[in-house]
Amino acid sequence: MSWAKRSLRVNLSAGTCTEEPTNMEWAAQYLGQRGLATKYLTEEVDPKVDPLSPENKLIIATGPLTGTNASTAGRWSVITKSPLTGAVACSNSGGFFGGELKNAGWDMIIFEGKSPKPVYLHINNDKTELLPADDYWGKTVWETEPAIKEKHGDPNMKVASIGGAGESGVLYAAVVNDMDRAAGRSGVGAVMGSKNLKAIGVRGTKGVQVRDPRAFMKATNEGKKILEENEVTGTGLPTYGTNVLMNVINETGALPTHNFREVQFQDASKISGEAMHEEGPDGHKNLVRNGACFACTIQCQRVSKVNPNHWTVKDKPQYQGESGGLEYENAWSLGADTGVGDLDAVTFTNFLCNEHGMDPISHGATVAAAMELFEEGAITEEQVGFSLKFGDAEALVKITEMTGKGVGFGKDIGMGSKRLCEKYGRPEFSMTVKGQEFPAYDPRGIQGMGLAYATSNRGACHLRGYTVSSEIFGIPEKSDPQVTEGKAGLVKAFQDATAVVDSVGLCVFTTFAWGMPEIQPQIQAAVEGEYSVDELLKIGERIWNLERQFNLAAGVSPSEDTLPKRLLTEGAKSGPSQGKVAMLDQMLPAYYEARGWGKDGIPTSETLSRLGL
Amino acid sequence: MAKSLNFIIEKCTGCHQCELACSGMNDGIFNQDLSRIRIFMLTEEGKNVPYACIQCEEAWCMHACPVEAIKLNRDTGAKVLSDAVCVGCKVCTIACPYGTVMYHPSSGKVVKCDLCDGDEDGPACVASCPTSAIEFIDLSAA
């Protein structure tokens, strides 16, 4: 129950759609979504495969709670081998697409091969068909999504698609659904583009059945009450969104700016969640309202508007309407990291990333690296076509449009920061782990995040072990952000719990208020079998180790469990952590030990057999 | 008594919890397409509009029904549809000027809001709404 118990296998080379039973034995061991699809990936794909070749597979997966009334239960994921990192990729998205797919009666879609021509997948409950996408190839996400709904005459259809970035192979291209929600990270959109798959349009009216509806609704209602009463999920996130963090992290001295040269941004307040609430002299306010993904009672989404008189949109009415506003990560990458403190320009650039289908975190961070290359003379005005200095909002907008369309120097930006900096001879400017760009927390100011980045299975990422919760907010318990002791166990605990949340179909933001004891009753009432808190955490650990095994087999060596030299050797220039570096060497050995891995970072056979791997 | 749902459009964030609560309580399955309340999403305007039967006094649906499948609950004022009596002719969906008698996609009959008839906790959608965008009001007290 709560599973559709069937999945759709789409062979793009042959043009076939085949129904098959979901492997319920694996579902019991890996829960769903991130865990289950990673199991499928490891069983079906050679880890050494070229990520952009037909031999790679792209799996769209829901969790057992996706589509139910549990708060935030609209999550879905894209699992594949990443072209950006060469490691396993799992990018998680919200919006309404995941709930719709589950309602159509499908747990997963497994795409394999490569279509000879651009196609899109159309699903209406049991009806599944690959249709020509010639009319949509070359179109943006914002053009494709309404066009497909219009073609099928159904405004209730939900669409996930790629834009120009995915088509042209931007290595951090995203899969975007519901216009402004995205499976953003690790270049899953580039894999979709490499398969000539433009979009998936789905309509489902079958519903989602749980094992014990009354008990389930009781458990989910209790969970919702806890979210409502919690300060972060009940007040902070709905009011200010994730961008409530901008000023907080800046004061902590952990807001990387100018490509991590500094840890505090002078214009942080101008691009903060609070600034989005302020009315300007002409009466314009960036924030229109908050919004919700499917079944979400936290409702942190920003619906924003660029000032119609701002130079970015003045003559472009198509950008003057409401759309997905700034998350903290995007405000940081497109704003603080590039030194741009213009809220309208940053909001507009975020719109562009959604429209063209690319990850704003990696994009902003890559532009920041390019700005440093430019200021250091490693790239020139002739190469870029214009001056690319920190703080130049016009240059940010221009280079973003060029990257989204895959033209000029935008092609170099689309390689991501690691390849860009290598190409121009300054690899030390790339702020990446395993080839993936950093998110918005400087590990010199929040030590646990340094370890979380270094060990994340998908490269630098804040969503694999968000120790900011503990180190800044004291959730579930306060730990000192400048101390390394105890961080190994903390990082492991966050990583394992997050793997459960990601796999079951919930949003990681619930964990500001929910621990595993609050999540467990919801899972238990939904699915067959017995799941204790301990069993769930063991599943989380199993998923983590499975991902690690895939990466090791793919050739991602434990020597890549590290941070850029800048963070390990150059002290923070200001703030509470002034002079501090990321003290990874004090944490990594303890982490390997806590994980039951050898000193070489490889899981021991005892650990693997304990986890049933 | 004349009770009704009342919607405050500005408060609706479009999370669809009301639809899930409605189908979950009344049908034992989470299915927005079975829900008696629906959210119409006006994405471009940034608005979400909940709509369901407002238990209007005129009750065109009730009078139009050829088999008397819709009856008045005198305690609440709700117009209550009996699935056992309904023959699925859908005349009520044409009679209703608000478009709030819904097709049921699998039974071929219709569903409409009856204020969770008889449930002591009141309508499930009201309790499920995280922003209090749905109110349960007593019109006779106004």
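Below is a short back-and-forth on how some features of this predicted model get their labels.

User: What should I know about the numbering and the model before we start?
Analyst: Residues are numbered from 1 along each chain as its sequence is written, while chains are lettered from A and ligands numbered from 1 in the order in which they are written. The model is predicted, so local features need pLDDT of at least 70 and side-chain atom pairs count only at pLDDT 80 or more, whereas totals for chains, interfaces and linings use all residues.

User: What makes strand β3 of chain A "largely enclosed"?
Analyst: Start with the term: a residue is buried if 20 or more other C-beta atoms lie within 10 Å of its own, exposed if 12 or fewer, and partly exposed in between, with C-beta atoms placed from the backbone. Five of the five residues of β3 (58-62) of chain A are buried, so the strand earns the phrase. L58(A), I60(A) and T62(A) point one way, I59(A) and A61(A) the other way, and all are buried. Strands here, by the way, are DSSP runs of E with at least two residues, helices are runs of H or I with at least four, and both are numbered from the N terminus.

User: How do you know that β3(A) pairs with β6(A) and with β4(A)?
Analyst: Two strands pair if DSSP finds at least two bridges between them. Four bridges join β3(A) to β6 (108-112) of chain A, running antiparallel, and four join β3(A) to β4 (76-81) of chain A, also antiparallel. I60(A) stands opposite I109(A) in β6(A), and in β4(A) its bridge partner is V78(A). A61(A), for its part, stands opposite M108(A) in β6(A).

User: Which strands are called edges in the sheet with the order β2-β1-β6-β3-β4-β5 of chain A?
Analyst: That's an open sheet of six strands with mixed pairing. β2 (16-21) and β5 (88-93) of chain A are the edge strands, as each pairs on one side only. Neighbouring strands are turned by 20 degrees against each other on average, direction ignored.

User: What is the order of the other open sheet, the one with β8 and β11 of chain A?
Analyst: The order is β8-β7-β12-β9-β10-β11 (chain A), six strands with mixed pairing. Its edges are β8 (127-132) and β11 (181-183) of chain A, each pairing on one side only. The twist averages 20 degrees from one strand to the next.

User: How do you know that β9(A) and β10(A) count as a pair?
Analyst: Two bridges join β9 (158-161) of chain A to β10 (175-177) of chain A, and the strands run antiparallel; the pairing rule asks for at least two. S161(A) stands opposite V176(A) in β10(A).

User: What makes α11 of chain A another "largely enclosed" element?
Analyst: Nine of the nine residues of α11 (328-336) of chain A are buried, so the burial cut-off is met along the whole helix. Among them are Y328(A), E329(A) and W332(A). They pack against α9 (245-252), α12 (343-356), α13 (360-375) and α15 (393-405) of chain A.

User: Why is the crossing of α2(A) and α22(A) called left-handed?
Analyst: A crossing is left-handed if the near helix is turned anticlockwise from the far one by less than a right angle, and right-handed if clockwise. The axes of α2 (33-44) and α22 (533-554) of chain A come within 10 Å and cross at roughly 35 degrees, and α2(A) passes α22(A) in the left-handed sense. Axes are lines fitted to C-alpha atoms, for helices over the stretch in contact, and angles run from 0 to 180 degrees between N-to-C directions.

User: Which residues of α2(A) and α22(A) meet?
Analyst: Contact means C-beta atoms, placed from the backbone, within 7 Å. R34(A), G35(A), T38(A), K39(A), L41(A) and T42(A) in α2(A) meet I539(A), I543(A), L546(A), E547(A) and F550(A) in α22(A).

User: Why is chain B described as being as compact as a globular protein of its length?
Analyst: The radius of gyration is taken over C-alpha atoms, and the globule rule is 2.2 Å times the number of residues to the power 0.38. Chain B comes out at 14 Å, close to the 14 Å that the rule gives for 142 residues, so the description fits. Chain B has four helices and eight strands, and buried residues make up 43% of its 142 residues.

How values were computed: Two residues are in contact if their C-beta atoms, placed from the backbone, lie within 7 Å.
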